[in-house]
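Hi,

Here is the structure I promised to pass on to you. Have a look at it first, and then read my notes below with the model open beside them.

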Amino acid sequence: MKRILAFLIGLMMILTCLYTPVPVYADNEEEQQNTEDETGETAGEEQTEAAVEITAPSAVLMEASTGTVIFEKDEDTARPPASVTKVMTMLLIFDALAEESISLDDEVTVSEYAASMGGSQVFLEPGETQTVETMLKCIAVASANDACVAMAEYICGNEEEFVNRMNERAAGLGMENTHFVNCNGLDAEGHVTSARDIALMSRELITKYPQVHDYSMIWMENITHTTNKGTSEFGLTNTNKLVRQYEYATGLKTGSTGEAKFCVSATAEKDGIELIAVVMAAENSKDRFADAVKLLNYGFGKCQLYTDESEEGIAPAVVENGVEDTVNVYRAEPFSYLDTTGANLSAVERTVEMEESVPAPVKKGDTVGAVIYTLEGNEIGRTDILAAEDIEEASFLDYLKNAAEGLFL
């Protein structure tokens with residue numbers, strides 16, 4: 001009996017083991033793949049996000065010549081920008097220089113209001129004068145709030161009008177999440193911008209006025225204060241440590257306040273590629289620069305640029321019924337194409353396509369053709385070919401004149 005009972009118990013244990021389902025445990029990679037399939041995300045997208053880890057809450061990496069955004073993180077949230085505001089201040093200063101309403105040698109007199117600015121400053125005194133160029137150095141190198149206000153007053157008469165121009169310029173650049181309240185970035189209610197918007201204004205500054213790098217790359221320099229108290233030297237030291245620590249650095253501007261935390265718009269160039277790395281609201285200065293370097297290294301490893309400025313194959317366009325048979329032409333702009341996929345850019349094909357004939361009258365700037373670029377059979381871009389002069393429509397008298405000249409010839 002005992003043997004029969006033992007046999008039955010053993011049989012039940014065997015049957016239990018045979019029919020109990022065995023749990024299947026997926027490894028992390030498989031679980032991640034399943035999650036991606038359910039959410040519709042691809043492995044490529046996941047890898048792109050993980051390719052560079054940024055500790056700051058907001059960041060953007062942009063290629064300067066094309067404006068292509070290579071990396072973005074919370075890029076459109078409006079945040080206090082601190083002294084990165086001065087990118088726009090410098091842009092307006094260079095605008096005024098380009099318009100010749102001011103010159104680098106102009107003497108700027110410091111007002112009591114300008115001299116009263118707190119935060120980072122070069123301790124300008126009321127009544128003191130400095131050249132526009134010296135003021136630019138103070139802003140670009142030492143992030144001088146007093147120099148910013150002095151320049152705002154010099155260009156527009158008062159800071160309020162200058163700030164209005166800052167906001168107008170921002171709107172023209174498509175900076176949709178920006179509102180400036182002052183010209184230096186001191187914390188103020190409603191004074192905000194976003195990582196994307198900082199990249200946009202930085203791109204405008206460095207592409208339109210590349211000479212800004214002559215100032216933003218100064219590491220140390222002395223200026224001279226001349227006041228009623230006499231003459232003294234004051235040392236400027238660049239707030240952007242990347243100027244010394246990162247071999248490809250070209251600028252541009254740092255900023256930090258209690259509300260903004262630590263921000264930077266860092267520009268760098270390598271092998272003809274210029275990048276803009278924007279970091280906002282980092283917890284400390286070290287993290288700010290570390291994030292910027294991560295972004296820049298990521299961009300330089302990922303980007304290759306195809307450019308073409310050649311006029312090869314571009315001939316005058318044929319004009320129909322004009323006082324001239326042809327019209328001289330020019331390219332609207334050079335062509336640039338940014339690749340981040342590792343494509344073979346030597347395989348880019350270039351084709352010039354012109355209108356068979358352009359009916360008169362032709363106005364300078366009219367589109368008469370295009371230079372078209374393709375890669376592996378796909379168009380990657382084009383630049384217009386424009387008329388370089390006006391060509392009037394021929395009148396009856398013009399035809400008679402041409403006929404007469406033909407007879408005599």
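Below is what I found, going from the whole protein down to single strands and helices.

One thing before you start: this is a predicted model, so please keep that in mind as you read.

**The whole protein**

The protein has 409 residues, and 44% of them count as buried. Its secondary structure adds up to 13 helices and 18 strands. Looking at contacts between residues at least 6 apart in sequence, 63% join residues at least 24 apart. As for the outside, the accessible surface is about 21700 Å², and carbon and sulfur atoms account for 50% of that.

**Strand β9 and its partners**

A good place to begin is β9, which covers residues 273-282. Is this strand mostly covered or mostly open? It is mostly covered, with 10 of its 10 residues buried.

β9 pairs with β1 (residues 58-63) in the antiparallel sense, over 6 bridges. If you want a spot to click on, find A59, which sits opposite V279 in β9.

β9 also pairs with β8 (residues 261-270), again in the antiparallel sense, and here there are 8 bridges. In this pairing, F262 faces A282 of β9. β8 and β9 make a hairpin with 2 residues between the strands, where D271 takes a positive phi near 55°.

**Another hairpin**

Next, go to β5 (residues 220-227) and β6 (residues 230-237), which run antiparallel and are joined by 8 bridges. How many residues link β5 to β6 in their hairpin? The hairpin gets from β5 to β6 through 2 residues. Right by the turn you can look for T227, whose bridge partner in β6 is G230.

**A three-stranded sheet**

Further along, 3 strands form an open sheet in the order β12-β11-β16, with mixed pairing. Why do β12 (326-327) and β16 (358-359) count as edge strands? Each has a single partner strand, so one side of each is left without a neighbour in the sheet. Between β11 (residues 317-320) and β12 there are 2 bridges, and these two strands run antiparallel. One residue pair to check is A317 with its bridge partner V327 in β12.

**Two helix pairs**

Now for the helices. Two packed helices are described by the angle between their axes and by the distance between those axes.

Take α6 (residues 132-142) and α7 (residues 145-156), which pack at about 140° with their axes 9 Å apart. An angle has to be over 145 degrees to count as roughly antiparallel, so α6 is oblique to α7. The crossing of α6 past α7 is left-handed. The contact is made on the α6 side by V132, M135, C138 and I139, and on the α7 side by A147, C148, A150, M151 and Y154.

The other pair is α4 (residues 86-98) with α8 (residues 159-172), packed at about 95° with axes 10 Å apart. α4 and α8 are therefore roughly perpendicular to each other. From α4, the residues making the contact are M88, T89, L91, L92 and D95, and from α8 they are F162, R165, M166, R169 and A170.

That's the tour. Try finding β9 with its 10 buried residues on your own screen, and then move on to the helix pairs.

Cheers

Methods. Residues numbered from 1 in each chain as written. Predicted model: local features only at pLDDT ≥ 70, side-chain atom pairs only at ≥ 80, totals over all residues. Heavy atoms only, no water. Pairing = 2+ DSSP bridges. Helix = DSSP H or I, 4+ residues; strand = E, 2+ residues; numbered from the N terminus. Buried < 20%, exposed > 50% of the residue type's maximum accessible area, 1.4 Å probe, protein only. Contact = heavy atoms within 4.5 Å. Areas by Shrake-Rupley, 256 points an atom, 1.4 Å probe, with all protein chains shown as cover. Axes fitted to C-alpha atoms, helices over the stretch in contact; angles between N-to-C directions. Parallel < 35°, antiparallel > 145°, perpendicular 65-115°, else oblique. Left-handed = near helix turned anticlockwise from the far one by under 90°.
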